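Got the viewer open? Let's take a short walk through this one, stopping at a helix pair and then at a bit of empty space.

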Amino acid sequence: MEAAAVSPREPRTERGRRTQRAILDAAAAEFGDKGFHESSIVSITQRAGVALGSFYTYFESKEALFKALVADMSGRVRDHVAPVLREHRGGAIAAEGVALEAFLRFAREHKEIYRIIDEAEFVAPEDWRAHYLNTAARILERLQAARAKGELGVEPTEVHAWAIMGMNVFLGLRFGVMDGAADLGAVASQANALLQGGLG
């Protein structure tokens, strides 16, 4: 299930792509600092260093920008974790630990994702729902592929995928957002040991 869309207008030029990216990045910072309701289009464009008219070239409204940002941040998490998984040469359970550590590093660098995704439940509920459904679906797909290779001792279900995602989300909150000094490799290793016992 893909994110419910009010899609941003696609830029036709490299300059347009840079402008749109600047608006999205400024929105992430603004919504992360102030929340959706206290942020304004003017403050976002000022932060982005773009003209107000440029905003409406790419987004219809603040709500449309927020929806696009939820999908963008969800995609950025996916794109941050995917190459780490591609390079991993170990087994499936260890791969989940690698994915978790990559996510924890992303969360530490982009703390605003927690406030934005939390607010999305009320501001953009379809996109909030899609974010979690898509994330869980990717985890389940990895687990099913591992089961097909004989790497898992249980038949993976949606419950397993959501349990792993829930663990990852709250570990990111605790050790990515609240604690900037924790050894993220050690956190991922301890969490991964739970999976070894439960899924191996």
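**Stop one: where H4 meets H5**

Start by selecting Arg76, Val77, His80, Val81, Val84 and Leu85 in H4; they meet Ala95, Val98, Ala99, Ala102, Phe103, Arg105 and Phe106 in H5. Colour that contact by residue class and you get 10 nonpolar, 1 polar and 2 charged residues. Keep in mind as you go that this is a predicted model.

Now show the whole of H4, residues 62–87, alongside H5 and look at how they pack: the angle is about 140 degrees, and the axes sit 9 Å apart. Angles over 145 degrees would count as roughly antiparallel, so this pair is classed as oblique. Turn the view to look at the crossing, and you'll find that H4 passes H5 in a right-handed one.

**Stop two: the cavity**

How many cavities of 30 Å³ or more does the structure hold? There is 1, and the largest cavity has about 30 Å³ of space in it.

To see its walls, select Glu96, Gly97, Leu100, Ile164, Met167, Asn168, Ala188, Ala191, Asn192 and Leu195, which line the largest cavity. Colour this lining by class too: 6 residues are nonpolar, 3 polar and 1 charged.

Which helices should you show around it? H5 (92–109), H8 (158–178) and H9 (184–199) each supply at least two residues of the lining. Finish on H9, which gives the most to the lining, with 4 residues.

Technical notes:
Residues are numbered from 1 along each chain as its sequence is written. This is a predicted model: local features need pLDDT of at least 70, side-chain atom pairs count only at pLDDT 80 or more; totals for chains, interfaces and linings use all residues. Side-chain values use heavy atoms; hydrogens and water are left out. On a 1 Å grid over the protein atoms alone, a cavity is a set of points where a 1.4 Å probe fits but cannot get out, and a pocket is an open set with protein on both sides within 12 Å along at least five of seven lines; lining residues have an atom within 4 Å of a point. Grid points are joined across faces, edges and corners, and a volume is the space filled by probe spheres set on the points. Ala, Val, Leu, Ile, Met, Phe, Trp, Tyr, Cys and Pro count as nonpolar, Asp, Glu, Lys and Arg as charged, and the others, Gly among them, as polar. Axes are lines fitted to C-alpha atoms, for helices over the stretch in contact, and angles run from 0 to 180 degrees between N-to-C directions. Angles under 35 degrees count as roughly parallel, over 145 as roughly antiparallel, 65 to 115 as roughly perpendicular and the rest as oblique. A crossing is left-handed if the near helix is turned anticlockwise from the far one by less than a right angle, and right-handed if clockwise. Contact means heavy atoms within 4.5 Å.
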